[in-house]
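Look at the structure below and follow the chain from one part to the next. The report takes the parts in turn.

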Amino acid sequence: MLGNFTYCNPTKLYFGDDSLKYLGNELKKYGKNVLLVYGGGSIRKNGIYDGVMRILKDAGKNVAEISGVMPNPTVHKLYEGMETARKHGTDLILAAGGGSVCDYAKALSVSVNCAEDPWEKYYVRFEEPVCETLPVGCVLTMAGTGSEMNAGAVITNPEQKLKIGHVFEDEKIMPRFSILNPKYTLSLPVYQMAAGIYDIFNHICEQYFSGEDDNTSDYLSEGLMRSLLHSSRIAMKDPADYEARSNIMWTAAWALNTLVSKGKSCDWMIHMLGQAVGALTNATHGMTLSAVSLPYYRYILPYGLPKFARFAANVWGISAEGKSERALAEAGLDAMERWMKDMGLAMNITELGAAKDMLPDLVRATVILKDGYKVLDRDEIAEIFLRSF
Ligand code: NZQ
Ligand code: ZN
C-alpha cells in the first residue's frame, strides 16, 4: 500500500428487520423541526411512511414534507426544497428512500444556508460549503448507491444536460445515522434490484481497477465482490430471500463508505460515462453503468492486464492453467458478461434511449478522470460510446 490517508466515517448504522425502532432515540438528539424527504410514493404503498410518521409524532416533532424527489434528482427540485427547508426552520432532514432521496437530502443540507447558487458552487466549481449545514438521517429503502454512509450527492441539471456528483470532504455531510432494514427493499421491482446490485458491483470495480501496488483494499474488494455475486444469484431466483437481500444491503454500504478506496488510487470512469448517459436519457443509474462497462473494460484491459487477470482468478474463480495472462483476463470479463446477462442488466445504451445523434453531447458531458489504467481523450470516449450503442 503506497498511499497516505485519513479515515473517518461517523455514520451510525442500525441494521436489521427491527432497525426502525432506533429512530426514536436518534430523533431526541435534534430540534423540533424535521423535514421528511421522500420519493414518488413507494414509501406510502409499502407502509414505511406510516411507520416513520408514527415515530416522528410520538417524538413530538413538527414535520414538514418534501415528496416527489425523482430518481436522478434535479437542481430545480433542490431549489424547491431549499425554500421549504428555510420556511420550516429545519433542524434535521430525514430522508426515506433510495440513493436519490438520500443524495437529495445531503444536497439540501449544504444548500439551505448557502448564500450562492448551489449548482454553481458545488457542481460547477466543486467548492466545499462554508455555510452552516443541516444534519441528515436516512431510512434506506433500496440497496445500491452507498449514499446511506457517504458524503456524495449527485444532482442533474436537465437544461445543461449534465449529471454531476460531488463527494463532500467534510464527514459531517455524511448521514448522522442510517436505518438499514433489508425487508424494506423487498418491495423493489426486480429491475431496480438488479440495477442496485450492479451499482454496488461497479463501485467496487471502480476502486479496484487502478494502481499496481499490493494493498489490503483490493483483497477486501475481492471478498465483497464474491459475496455480492453469490447473493445476487440467490436474489435473482428468489427476490424474497431475506438472507441474500440482507447481504446485498450490507455490501452496498461497504462498497462505497470510503473504506476500500483507502491507500490506493481509484478509477471512476464508468461512473463518468454512465452519468453522461444518465444526463441525456434519465435512465436508471445502475443500468447506465452496466451499458458502458464491457466496452470500457475491454478497451482498457491491455493497460491493466495483471489486475484484470487477478480479477478473473480471484473473483470469478477461473483457472490460469494453460492460459496466457491476456486470455485469463479476457475470460474474467466474459464471465462477468454472462452474469450481467443473467441479471437482466442493460447491455447497451440504445436500450436506455440513447441515439447516435447524442454522441457529441455524451462526449461533452463526460468528465475525464486521470487515475484509471488509461487516461482517455475525447476521441477514445467517443469510441467507447460508439461500442456501447
Ligand atoms: O421514488 P419512489 O417512489 O420511492 O421509487 C423509487 C424509484 O422509482 C424506487 N424505490 C426505492 N425504494 C423502493 C422503491 N420502490 C419500491 N420499493 C422500495 N423499497 O426505486 C426507484 C429508484 O430509486 P433511486 O433512489 O433513484 O435509486 P438508487 O438508490 O439507485 O439512487 C440513484 C441515484 O443515486 C446516485 C445516482 O446517480 C442516482 O442519482 N448515486 C449516488 C451515489 C452516492 N451518493 O455516493 C453514488 C452512486 O454511484 C450514484 O451515482
Ligand atoms: Zn454508482
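In this predicted model, the centres of domain 1 and domain 2, taken over C-alpha atoms, are separated by 27 Å. Domain 1 covers residues 12-185, and domain 2 covers 190-388. The two domains touch: 27 residues of domain 1 are in contact with 27 residues of domain 2.

## The sheet

Which order do the strands of the open sheet take? The order is 1-8-5-4-2-3, with 6 strands in parallel pairing. Strand 1 (12-15) and strand 3 (62-66) stand at the edges. Each has a single partner strand, so one side of each is left without a neighbour in the sheet. From one strand to the next, the twist averages 20 degrees.

Helix 9 (residues 242-255) packs on this sheet. Helix 9 touches strand 1, strand 5 (136-140) and strand 8 (177-180). The direction of helix 9 makes about 175 degrees with that of strand 1.

Now take one pair of strands. Strand 2 (residues 33-38) and strand 3 are parallel and pair over 5 bridges. Leu35 has Ala64, in strand 3, as its bridge partner.

His88 belongs to helix 4 (residues 75-88). Beyond its neighbours within four places in sequence, His88 is in contact with Asn33, Val34, Leu35, Asn62, Val63 and Ala64. Leu35 and Ala64, the bridge partners, are both among these contacts of His88.

Leu140 sits in strand 5. Outside its neighbours within four places in sequence, Leu140 has contacts that include Gly97, Cys102, Ile179, Leu180 and Met249. Not every residue is close by: the C-alpha atoms of Leu140 and Asn4 are separated by 32 Å, and their places lie 136 residues apart along the chain.

## A hairpin

Strand 6 (residues 152-157) and strand 7 (residues 162-167) run antiparallel. They are joined by 6 bridges. Gly152 stands opposite Val167, which is in strand 7. The hairpin has 4 residues between its strands, and Lys161 takes a positive phi near 50 degrees there.

## Positive phi values

Most residues other than glycine have a negative phi. Asn72 departs from this, with a positive phi near 60 degrees. Asn72 is found in the loop between strand 3 and helix 4. Asn282 also has a positive phi, of about 60 degrees, although it is not a glycine. Asn282 lies in the loop between helix 10 and helix 11 (285-300), just after helix 10.

## Helix 10 and the zinc ion

How far apart should the ends of helix 10 be? Helix 10 (residues 269-281) has 13 residues, and at 1.5 Å a residue they should span 18 Å. The end C-alpha atoms are 18 Å apart, which agrees. Helix 10 is mostly covered, with 13 of its 13 residues buried.

Which residues coordinate the zinc ion (ligand 2)? They are Asp199 (OD), His203 (NE2), His271 (NE2) and His285 (NE2), at 2.0 to 2.2 Å. Their spacing in sequence is D-x3-H-x67-H-x13-H. His203 lies in helix 7 (residues 190-208) and His271 in helix 10, so the pair ties together parts that are 68 residues apart in sequence. Both His203 and His271 are buried.

## Ile318

Ile318 has its place in the loop between helix 12 (305-314) and helix 13 (325-342). Leaving out neighbours within four places in sequence, Ile318 is in contact with Ala312, Ala313, Lys323, Leu328, Ala331, Gly332 and Ala335. Take Ala335: Ile318 and Ala335 are 17 residues apart in sequence, and 8.8 Å apart in space, C-alpha to C-alpha.

## Buried or exposed?

The table gathers the relative accessible area of four residues discussed above. A residue counts as buried under 20%.

| Residue | Relative accessible area | Class |
|---|---|---|
| Leu140 | 0% | buried |
| Asn72 | 8% | buried |
| His88 | 14% | buried |
| Ile318 | 18% | buried |

Ile318 is in a loop, yet at 18% Ile318 is buried. Asn72, also a loop residue, is buried at 8%. Leu140 in strand 5 has a value of 0%.

Key
Residues are numbered from 1 along each chain as its sequence is written. Chains are lettered from A and ligands numbered from 1 in the order in which they are written. This is a predicted model: local features need pLDDT of at least 70, side-chain atom pairs count only at pLDDT 80 or more; totals for chains, interfaces and linings use all residues. Side-chain values use heavy atoms; hydrogens and water are left out. Helices (H or I, at least four residues) and strands (E, at least two) are DSSP runs, numbered from the N terminus. The expected span of a helix is 1.5 Å times one less than its number of residues. Buried means under 20% relative accessible area, exposed over 50%, partly exposed in between (1.4 Å probe, protein chains only). Donors are N, O and S atoms within 2.8 Å of the metal (3.2 Å for Na, K and Ca); water is not among the atoms, so sites may look incomplete. Contact means heavy atoms within 4.5 Å. Two strands pair if DSSP finds at least two bridges between them. Axes are lines fitted to C-alpha atoms, for helices over the stretch in contact, and angles run from 0 to 180 degrees between N-to-C directions. Domain bounds come from an automatic or database domain assignment.
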